[in-house]
Amino acid sequence: METKLTTLLNIKHPIIQAPMFLVSNTAMVIEAMKSGIAGCIPALNYRTLEELKAAIQELKAAKVEGGSFGFNLIVNKSNIKYKEQLRVLCEEGCDFIITSLGSPEETINQAHKAGIKVFCDVTDLHFAKKVEGLKADAAIAVNNEAGGHRGKLSPEALIKELKSNLNIPVISAGGVGCKADIDKMISYGADGVSVGSPFIASVEAGVTQEYKQACVDYGAEDIVMTERISGTPCTVINTPYVQKIGTKSTWIESVLNKSKTLKKWVKMIRFSIGMKATEKAATKATYKTVWVAGGPSISHTNAILPIKAIVEKLTN
């Protein structure tokens, strides 16, 4: 299937293997590229800049025709590593960067100088028009069926609104678990899709077997929203642990969030706690102990499979 996304990234299928915190790794992306799609990793999955640089070099060496690789950057103040991560990406080179949770202006300017395309997460037309004005190469339309931090609009409503008002490609994120879902997003006008949750239960994913098996065992009805990860509502599997700790912010966070001055600092602290997964696992909800996953798409995950087999399911 040829779309604006396949042309932009020179890939065979209009699919981006979405960046997933603590899940995505080079093994996943290498297999994604071999399967003719694009793969993306959160820069925050690497604790040091040297580790990030090594990952880029590994992916450059493994790149094949018909595949593409990129990295996700959190571009707001909660990510104190952002500017240095951007510098390394521009110096080492990659095919694309996906920006999240902040203004992408600096990333777009620096990445374009290095010949790197920039796609920006958006949840509505207001922000989509902003990133188009900043010369983003595409908008990632994060809908209300996405895993992790999701939008409020349905896939159909968001895709159609953006396609009617933007001149840049629109890539739909959320609600894809099988080929029929991809065909549906394309029929709404999407130029490609970003797919995350189906790849968690992959042989190559960098998470525990328990997390992978949870994606097989649980269904769409088991997905709930929690504020206990990053301060921004996030979708997780409703495990007994999630039920025990609850899904709402602590009372002090709720009070401080009402202050415009203090709100950003509260989010930074909560985000920092989420990053320190192994240190806080015993007492706080982190990505290591709370399993992040999408909505309806999880219902199509019925076995732990190699990336190659998952891509074949999505494209055949």
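What share of the contacts between residues at least 6 apart in sequence join residues at least 24 apart? In this protein, 62% of them do. Keep that in mind as you click around, and remember that you're looking at a predicted model.

**Stop 1: the whole chain**

Start with everything shown as a cartoon. You'll find 14 helices and 10 strands. Now colour by burial: of the 316 residues in the protein, 53% are buried.

**Stop 2: the largest nonpolar core**

Next, select Phe71 and Leu162. Both belong to the largest nonpolar core, which has 38 residues, and these two touch the most other members. Then add helix H4, residues 82-92: with 5 residues, H4 gives this core its largest share.

Stay on Phe71 and show what surrounds it. Setting aside neighbours within four places in sequence, Phe71 is in contact with a long list of residues, including Cys40, Ile41, Tyr46, Leu52 and Ile56. Also on that list are Leu59, Leu89, Cys94, Phe96, Ile97 and Ile98. As background, nonpolar side chains in soluble globular proteins tend to be buried together.

**Stop 3: another core**

Select Met185, Ala190, Ala293 and Ile307. They are among the 37 residues of another core, which lies apart from the largest one.

**Stop 4: two helices side by side**

Select helix H2 (residues 26-34) and helix H3 (residues 49-62). Their axes come within 10 Å and cross at roughly 20°. An angle under 35 degrees counts as roughly parallel, so that is how H2 and H3 run relative to each other. The crossing of H2 past H3 is right-handed.

Which residues make the contact? On the H2 side, show Thr26, Val29, Ile30 and Met33. On the H3 side, show Ala55, Glu58, Leu59 and Ala62. Sorted by type, the residues of this contact come out as 6 nonpolar, 1 polar and 1 charged. You've met Leu59 already: it is one of the contacts of Phe71.

**Stop 5: a threonine in a loop**

Finally, jump to Thr239. You'll find it in the loop between strand E10 (234-237) and helix H10 (240-245). Is Thr239 buried or exposed? Its relative accessibility is 6%, and under 20% means buried, so Thr239 counts as buried.

Show Tyr218 and Trp291 as well: Thr239 touches both, not counting residues up to four places away in sequence. To end the tour, pick the C-alpha atoms of Thr239 and Val224. These residues are 15 apart along the chain, and the two atoms are separated by 9.6 Å.

Conventions: Residues numbered from 1 in each chain as written. Predicted model: local features only at pLDDT ≥ 70, side-chain atom pairs only at ≥ 80, totals over all residues. Heavy atoms only, no water. Axes fitted to C-alpha atoms, helices over the stretch in contact; angles between N-to-C directions. Helix = DSSP H or I, 4+ residues; strand = E, 2+ residues; numbered from the N terminus. Parallel < 35°, antiparallel > 145°, perpendicular 65-115°, else oblique. Left-handed = near helix turned anticlockwise from the far one by under 90°. Contact = heavy atoms within 4.5 Å. Nonpolar A, V, L, I, M, F, W, Y, C, P; charged D, E, K, R; others polar. Buried < 20%, exposed > 50% of the residue type's maximum accessible area, 1.4 Å probe, protein only. Core = buried A, V, L, I, M, F, W, Y, C linked by side-chain atoms within 4.5 Å.
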